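Welcome! Take a moment to look over the sequence and turn the model around on your screen, and then let's walk through a few of its features together.

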Amino acid sequence: MNETLSRRADTDLIDGITQRDEPSLAEVYRRHGGPVYGLALRILRNPDLAEEIVQEVLLRLWREPHKFDAGRGSLRSFLLAHAHGRSVDLIRSESSRRTREERDARLSAETGWSLEEEVWEMALADHVRTALQELEEIERRPIELAYFGGFTYRQVARLLDTPEGTIKSRIRTGLKRLNGALTRYGLAPVS
Amino acid sequence: MTHPEIQESLGVYALDAVEGEERRIVEHHLATCPECRFEVVEHREVAARLASVTSAGPVGLWTALQRRLTAPCILLEDDDREGR
């Protein structure tokens with residue numbers, strides 16, 4: 001890996017991509033490809049589809065780098081938001097009925113998985129874990145189901161047998177509480 | 001929806017957990033409300049932290065992607081959702 005390139009800020013890499021500089025895109029992939037793939041795989045549970053999502057996200061960045069606005073958050077959150085949106089679109093579409101059925105079956109059998117058992121990037125692991133511990137289960141679980149399960153809040157409400165308004169509120173307050181904790185640990189925003 | 005009602009939806013919106021008319025109302029509101037846009041950015045940054053798992057991209061994925069960079073441009077599905 002080009003050492004100079006590896007030290008450049010994400011915004012410089014976007015400038016490079018705008019000028020059709022392929023190594024800049026390669027560096028974006030090196031930095032963020034893993035988490036993007038991991039998120040898509042988490043939602044879709046299908047390595048082939050997850051790879052397709054990564055390619056789609058990066059191809060779009062390659063072709064439309066101007067869609068990234070540094071004033072609206074980090075490059076990683078931009079890429080992850082795109083990957084998340086595409087993944088949930090896929091899992092909710094009729095064409096992926098089989099995937100959805102598998103997912104629903106998995107959910108009904110699911111007992112063990114939780115955010116706390118994920119392995120984060122080393123530098124983040126302890127802080128993210130500690131921040132999550134500040135959440136009550138009633139806030140953490142809806143966030144897990146919505147973000148990593150790809151469920152709508154209405155579906156989450158049914159799954160948890162909780163009023164829809166309550167789920168909405170808990171997700172928002174849970175995210176705010178996490179943000180506060182991560183900021184205290186000096187971890188926001190994602191670089 | 002009132003402003004407080006829309007604010008209450010910003011968390012689920014940021015996680016793509018709201019659909020249909022409610023989603024459209026939030027997006028319409030975001031176009032003119034910097035305060036709510038900022039909150040959505042914050043929620044997405046938090047989510048990005050949660051998604052920052054160790055896993056590296058699969059071997060061979062970059063090579064496959066590279067081949068597509070120079071392929072004739074096929075228009076990707078238009079996706080004008082806020083922030084994407």
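## A cavity between two chains

The second largest cavity holds about 50 Å³ of space. This is a predicted model, and the count in it comes to two cavities of 30 Å³ or more. Rolling a probe the size of a water molecule over the atoms shows where empty space is left.

Which residues line the second largest cavity? From chain A come S77(A), L80(A), A81(A), H84(A) and Y147(A), while chain B brings A14(B), D16(B), R44(B), A47(B) and A48(B). Two elements each give two or more residues to this lining: helix 5 (75-92) of chain A and helix 4 (34-51) of chain B. Helix 5 of chain A supplies the largest share, with four residues. Sorted by class, the lining has six nonpolar residues, two polar ones and two charged ones.

## Getting to know chain B

Chain B is made of five helices and zero strands, and reading along its sequence gives the pattern α-α-α-α-α. It has 84 residues, of which 50% count as buried.

How confident is the predictor here? The average pLDDT of chain B is 85, and 80% of the residues score at least 70. Among its helices, helix 2 (residues 10-14) of chain B has the highest confidence, at 98, and helix 5 (residues 61-69) of chain B the lowest, at a mean of 88. For the complex, the predictor gives an ipTM of 0.83 and a pTM of 0.83.

## Two helices with a buried face

Try finding helix 3 (residues 20-30) of chain B, whose buried residues are E22(B), R23(B), V26(B), H29(B) and L30(B). Viewed down the axis of this helix, those buried residues fall within an arc of 125°, so they line one face of the helix. Turned away from that buried side is a face carrying the exposed residues E21(B), R24(B) and H28(B).

Now move to helix 2 (residues 10-18) of chain A, where D10(A), L13(A), I14(A), G16(A) and I17(A) are buried. Down the axis of helix 2 of chain A, the buried residues fall within an arc of 160°, so they too line one face of their helix. Just after helix 2 of chain A comes R20(A), which takes a positive phi of about 65°.

## A pair of cysteines without a bond

A disulfide is a covalent bond between the sulfur atoms of two cysteines. How many disulfides are there over all chains? The count comes to zero.

Why is there no bond between C33(B) and C36(B)? The closest cysteine sulfur to that of C33(B) is in C36(B), 3.6 Å away, and this is too far for a bond, because a disulfide needs the sulfur atoms within 2.5 Å. Seen from the other side, the closest cysteine sulfur to that of C36(B) is the one in C33(B). Both residues are tucked under the burial cut-off: C33(B) is buried with a relative accessible area of 9%, and C36(B) counts as buried at 1% relative accessibility.

## One last stop in chain A

Finally, look for A131(A), which is found in helix 7 (residues 122-133) of chain A. Is A131(A) buried or exposed? At 1% relative accessibility, it counts as buried. Further along the chain is E144(A), 13 residues apart from A131(A), and the C-alpha atoms of the two are separated by 14 Å.

Key
Residues are numbered from 1 along each chain as its sequence is written. Chains are lettered from A and ligands numbered from 1 in the order in which they are written. This is a predicted model: local features need pLDDT of at least 70, side-chain atom pairs count only at pLDDT 80 or more; totals for chains, interfaces and linings use all residues. Side-chain values use heavy atoms; hydrogens and water are left out. pLDDT is the predictor's confidence in each residue, from 0 to 100. On a 1 Å grid over the protein atoms alone, a cavity is a set of points where a 1.4 Å probe fits but cannot get out, and a pocket is an open set with protein on both sides within 12 Å along at least five of seven lines; lining residues have an atom within 4 Å of a point. Grid points are joined across faces, edges and corners, and a volume is the space filled by probe spheres set on the points. Ala, Val, Leu, Ile, Met, Phe, Trp, Tyr, Cys and Pro count as nonpolar, Asp, Glu, Lys and Arg as charged, and the others, Gly among them, as polar. Buried means under 20% relative accessible area, exposed over 50%, partly exposed in between (1.4 Å probe, protein chains only). The arc is that of the directions from the helix axis to the C-beta atoms.
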